[in-house]
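Here is a short briefing on one protein chain. Look over the sequence and the 3D view, then read the points by topic.

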Amino acid sequence: MRHVFAAATLALALGLALTPAAAAAQDRHDGHAAHATQGRPAAHDAHAADAATDVPAGHVQWTPDAPLIEGMARVREAMTGLAHHEMGHLGESNVLVLAGDIDDAIEYMFANCKLDAEPDVALHGILARLMAGTQALRADPASAAPVADMRAAVADYARLFDDPEAADDEGGHGDDGDD
């Protein structure tokens, strides 16, 4: 059941991430549950999940709601485990558990976050990239390749949202370790 939900949610998030003008026309976004009725095909522009989030110059960070802060904290916790996968220190069963943890956190955010249209669209793009990564990890748990874009998506979240728990995520994947 989780895989059906994840595939439908990925398709939906990708579609929404690609149509910001339509989403910006909304007066207020009252949760993600309504998106399930939009029915986008699962294969719709899957490659778009790899696109980095554009942050305009002078962007004022959006305020995340409590469910978004909690959900992203859960994502970051699982991403810490996936860093071991990139070093070759994590078994495939552990990779699958961590991918499931991220999917669960995303499902929680879709069910509970209530954001205005503009930050909601940006969040959908971030979550789509994370879901594309978990889908790729489930398809090939031996490959750590998807983790880099997932980490970049988490860094984009830190650049877009004023989440004090995410402050260390911005740019963290590019450090050379000299600090």
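The backbone nitrogen of Leu68 lies 3.0 Å from a polar atom in the side chain of Asp65. Keep in mind that this is a predicted model. The protein chain has six helices and zero strands. The points below start at Asp65, follow helix 3, and then turn to helix 6 and the aromatic rings.

**Asp65 and its contacts**

- Asp65 is found in the loop between helix 2 and helix 3.
- Is Asp65 buried or exposed? Asp65 is buried, because its relative accessible area is 16% and buried means under 20%.
- Asp65 caps the N-terminal end of helix 3. The cap rests on a side-chain oxygen of Asp65, 3.0 Å from the backbone nitrogen of Leu68.
- The side chain of Asp65 also reaches the backbone nitrogen of Lys114, at 2.7 Å.
- Which residues does Asp65 touch, not counting those up to four places away in sequence? They are Asn112, Cys113, Lys114 and Leu115.

**Helix 3**

- Helix 3 covers residues 66-86.
- How far should helix 3 span? At 1.5 Å a residue, its 21 residues should span 30 Å. The end C-alpha atoms are 30 Å apart, so the model agrees with that value.
- Several residues of helix 3 are buried, among them Pro67, Leu68, Gly71, Met72 and Val75. Further along, the buried residues include Arg76, Met79, Leu82 and His85.
- What covers these buried residues? The cover includes helix 4 (92-112), helix 5 (117-139) and helix 6.
- Arg74 lies over the face of Tyr108, at 5.1 Å from the ring centre.
- Just after helix 3, Gly88 takes a positive phi of about 80°.

**Pro141 in its loop**

- Where is Pro141? Its place is in the loop between helix 5 and helix 6.
- Pro141 has a relative accessible area of 11%. The cut-off for buried is under 20%, so Pro141 is buried.
- Leaving aside neighbours within four places in sequence, Pro141 is in contact with His85, Glu92, Val95 and Leu96. One of these, His85, is among the buried residues of helix 3.
- Pro141 and Leu90 are 51 residues apart along the chain. Their C-alpha atoms are separated by 9.8 Å.

**Helix 6**

- Helix 6 has 16 residues. From its first C-alpha to its last it reaches 24 Å, close to the 22 Å expected at 1.5 Å a residue.
- Why is helix 6 described as largely enclosed by the rest of the structure? Twelve of its 16 residues are buried, so the description follows.
- The buried residues of helix 6 include Pro146, Val147, Asp149 and Met150. Tyr157, Ala158 and Leu160 are also among them.
- Which helices do the buried residues of helix 6 pack against? They pack against helix 3, helix 4 and helix 5.

**The aromatic rings**

- How many aromatic pairs are there? The count comes to two.
- One pair is Trp62 with Phe161. The ring centres are 5.5 Å apart and the planes are at 55°, so the pair is tilted.
- This pair links distant parts of the chain. Trp62 sits in the loop between helix 2 (20-24) and helix 3. Phe161 is in the segment after helix 6 (145-160), and the two residues are 99 residues apart.
- Trp62 is buried, with a relative accessible area of 17%. Phe161 is buried too, at 1%.
- Tyr157 and Phe161 form a stacked aromatic pair. Their rings are 5.1 Å centre to centre, with 20° between the planes.
- Both Tyr157 and Phe161 are buried.
- Trp62, Tyr157 and Phe161 form one aromatic cluster.

**The whole chain**

- From the N terminus on, the elements run α-α-α-α-α-α.
- The protein chain has 179 residues, and buried residues make up 43% of them.
- Consider the contacts in the protein chain with a separation of 6 or more. Residues 24 or more positions apart account for 79% of these contacts.
- The protein chain exposes about 9000 Å². Carbon and sulfur atoms supply 54% of that area.

Conventions:
Residues are numbered from 1 along each chain as its sequence is written. This is a predicted model: local features need pLDDT of at least 70, side-chain atom pairs count only at pLDDT 80 or more; totals for chains, interfaces and linings use all residues. Side-chain values use heavy atoms; hydrogens and water are left out. Rings of Phe, Tyr and Trp (its six-membered ring) pair if their centres lie within 6.5 Å; planes under 30 degrees apart count as stacked, over 60 as edge-to-face and the rest as tilted. Helices (H or I, at least four residues) and strands (E, at least two) are DSSP runs, numbered from the N terminus. Buried means under 20% relative accessible area, exposed over 50%, partly exposed in between (1.4 Å probe, protein chains only). A charge sits over a ring if NZ of Lys or CZ of Arg is within 6 Å of the ring centre and within 35 degrees of the ring normal. The expected span of a helix is 1.5 Å times one less than its number of residues. Contact means heavy atoms within 4.5 Å. A polar contact is a pair of N or O atoms within 3.5 Å; within protein, one must be able to donate a hydrogen and the other to accept it, and residues adjacent in sequence count only if both atoms are side-chain atoms. Accessible areas come from the Shrake-Rupley method with a 1.4 Å probe; for residues, only the protein chains shown count as cover.
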